[in-house]
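Me: Take a close look at one part for me, please: the packing of one helix on another. After that, work outwards to the rest of the fold.

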Amino acid sequence: MQDTPKRAAIYKRLSEDRDGVGDNVADQDRGGRKLAADLGAEVVRIYNDNDRSAKAPRSRPDFAQMLLNAEDGVFDLLIVRDLDRLYRHPTDLEDLSAIFTPKGITVHQERSTHPLDMSSAQGLLVAGLMAQVNVYELRQKSARQKDMNRARAHQGVMHRGPHPYGWQSDRLTLNRVEADRVREAFKRVLGGESLRAIVNDWNACDVPSPKGGSWTYATLKQMLLRPANAGLVSYQGTILRDVEAQWEAPVDPDSYYAAKALLTAPERRKSTDNRAKHLLAGIALCGGCQNPLKSAMTLGNVAGFDERQKVMLYRCTNPECGTKVSVRRDVLDREVTKRFLDERGHAYTARVKTTEHLGERLSEVETGIRSVTAQLAEDDADTVALVERLAELKRERAELNANPTRTVWSLLTVTQEWEKAGIERKRELLRSHLVGLTVARRGKGGKAFDPTRVQIVWTEDPYDATEDDMTKTDPFIA
Ligand SMILES: [Zn+2]
């Protein structure tokens, strides 16, 4: 034991699923300091991540900082309320143990008396099990959520998302002011006006957007594409024709479908190149002028090379743009792919029909028949049982001969499809989930890419398909 007190760090994370009474950050702080005092350690750092959803571990800047400091030997032990504050996913654990294990840093939980010693095999085992348990809990939670969402959709109840623009908070009656804006937008789009013109007008007279700030092309488009506008109930992007919405609708279905057709028409897409070779060309927009970024090449300094190297970019080429955003292609591709798969990776994209050939089973059955027949000839044969078995096998053989193949439905998730998809299919997948993707100009900070430059608005699709929906032969007829 050393004479100087041990240095403790406290890691706190406030998550949506637990921020009930007595579990706020201040409380985690108090508990952590008390445990440090009990351990005779001095608190040298406090990390604090506030992530709204445990499903999105991507936004944990303090977690990353904590790992860096651990590597630099800034603290000897880490205090958390529970292990699930520290990591939600086995990959987080890999990052942790890669640093904590060689440094011999122990993890102390307020709610457990045993420190987790990442340098021991047992400690790692427990940590690994905890990570698996967390993944299991998240899956259970999401399955329950899906069941609930599906039931709600089939009752014609509006989804529970953020503020439903156009309605009161009861999600049934219209908010007069907002509903008028919805009608106005539909009328103008159907009259041939561009979304940009509407956005500019509304922002000029300070019409608050659904989230309170100013309107963007993407937020307006997202708002207009909601089937709820016309009293249509949708689930997993499909209209449930036989379900009647319980809420008042600002527009009629004809207007909705007409506007939707206009807004999603291929010629309206900002991309000029339909057979782009790059993932985000024509899809990502310049944060300055909202024009699509194009693929470009430049010569630049690249770490590890003395001479200037070819650097591939996405770049705004609009001569009138004051901002002229440009961003490295590989960096943006990676960032957007990561966020896309985080956000929508588990959604189902398609049902795949495969035909299974049952020849193998047939030869097993034939072998079985021969073997049972041979056993029947033996002296001590249990004739009754064997005859029964033989009849069973023969029935199966007849069935297999009549139907030698079987149709099997399986599901593909976005992630599974993405891994095998070519560039065109990837762009299609992205487009079907993406309302808007803008890239802001580079800040004054260091050379490292700042992910906050990328703003993504996903389609509003609060209901996820369940496996059950997708495996039905005939899921929803729209
Ligand atoms: Zn621009």
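Reply: A crossing is left-handed if the near helix is turned anticlockwise from the far one by less than a right angle, and right-handed if clockwise. Helix 6 passes helix 9 in just such a left-handed crossing. Helices (H or I, at least four residues) and strands (E, at least two) are DSSP runs, numbered from the N terminus. What you're looking at is a predicted model, where local features need pLDDT of at least 70, side-chain atom pairs count only at pLDDT 80 or more, and totals for chains, interfaces and linings use all residues. Residues are numbered from 1 along each chain as its sequence is written.

Back to the pair: helix 6 covers residues 176-190 and helix 9 covers residues 253-264, and their axes come within 10 Å and cross at roughly 55°. (Axes are lines fitted to C-alpha atoms, for helices over the stretch in contact, with angles from 0 to 180 degrees between N-to-C directions.) So the two helices are oblique to each other; under 35 degrees would be roughly parallel, over 145 roughly antiparallel, 65 to 115 roughly perpendicular, and the rest is oblique.

Who touches whom? Helix 6 brings Phe186, Val189 and Leu190, which meet Ser255, Ala258, Ala259, Leu262 and Leu263 of helix 9 (contact means C-beta atoms, placed from the backbone, within 7 Å). By class, that contact has 7 nonpolar residues, 1 polar and no charged ones. Here Ala, Val, Leu, Ile, Met, Phe, Trp, Tyr, Cys and Pro are nonpolar, Asp, Glu, Lys and Arg charged, and the others, Gly among them, polar.

Both helices also have helix 8 to deal with. In helix 8 (residues 217-224), Ala218, Thr219, Leu220, Met223 and Leu224 are buried, meaning 20 or more other C-beta atoms within 10 Å of their own; 12 or fewer is exposed, in between is partly exposed. The buried residues of helix 8 pack against helix 6, helix 9 and helix 7 (195-204), and also against strand 14 (434-439) and strand 15 (454-458).

Now for some strands (two of them pair if DSSP finds at least two bridges between them). Start with strand 1 (residues 6-14), which runs parallel to strand 2 (residues 41-50) over 9 bridges, with Tyr11 partnered by Tyr47 of strand 2. Strand 1 also runs parallel to strand 3 (residues 77-80), through 3 bridges, and there Ala8 sits opposite Leu77. Strand 3 carries on to strand 4, again parallel, over 4 bridges; Ile79 faces His108 across that pairing. Strand 4 (residues 106-109) sends Thr106 and His108 one way and Val107 and Gln109 the other, all of them buried. With strand 5 (residues 116-117) the sense becomes antiparallel, over 2 bridges, and Thr106 stands opposite Asp117.

Further along, there's an open sheet of 3 strands in the order 9-10-11, paired antiparallel. Strand 9 (294-300) and strand 11 (326-328) are its edges, each pairing on one side only, and the twist averages 40° from one strand to the next. Strand 9 and strand 10 (residues 309-315) are joined by 7 bridges, one of which has Lys294 partnered with Arg315. Helix 10 (residues 329-344) lies across strands 9, 10 and 11, at about 80° to strand 11.

Zooming right out, the chain has 15 helices and 15 strands, and 24% of its 478 residues count as buried. Among contacts with a separation of 6 or more, 65% join residues 24 or more positions apart.

Technical notes. Two residues are in contact if their C-beta atoms, placed from the backbone, lie within 7 Å.
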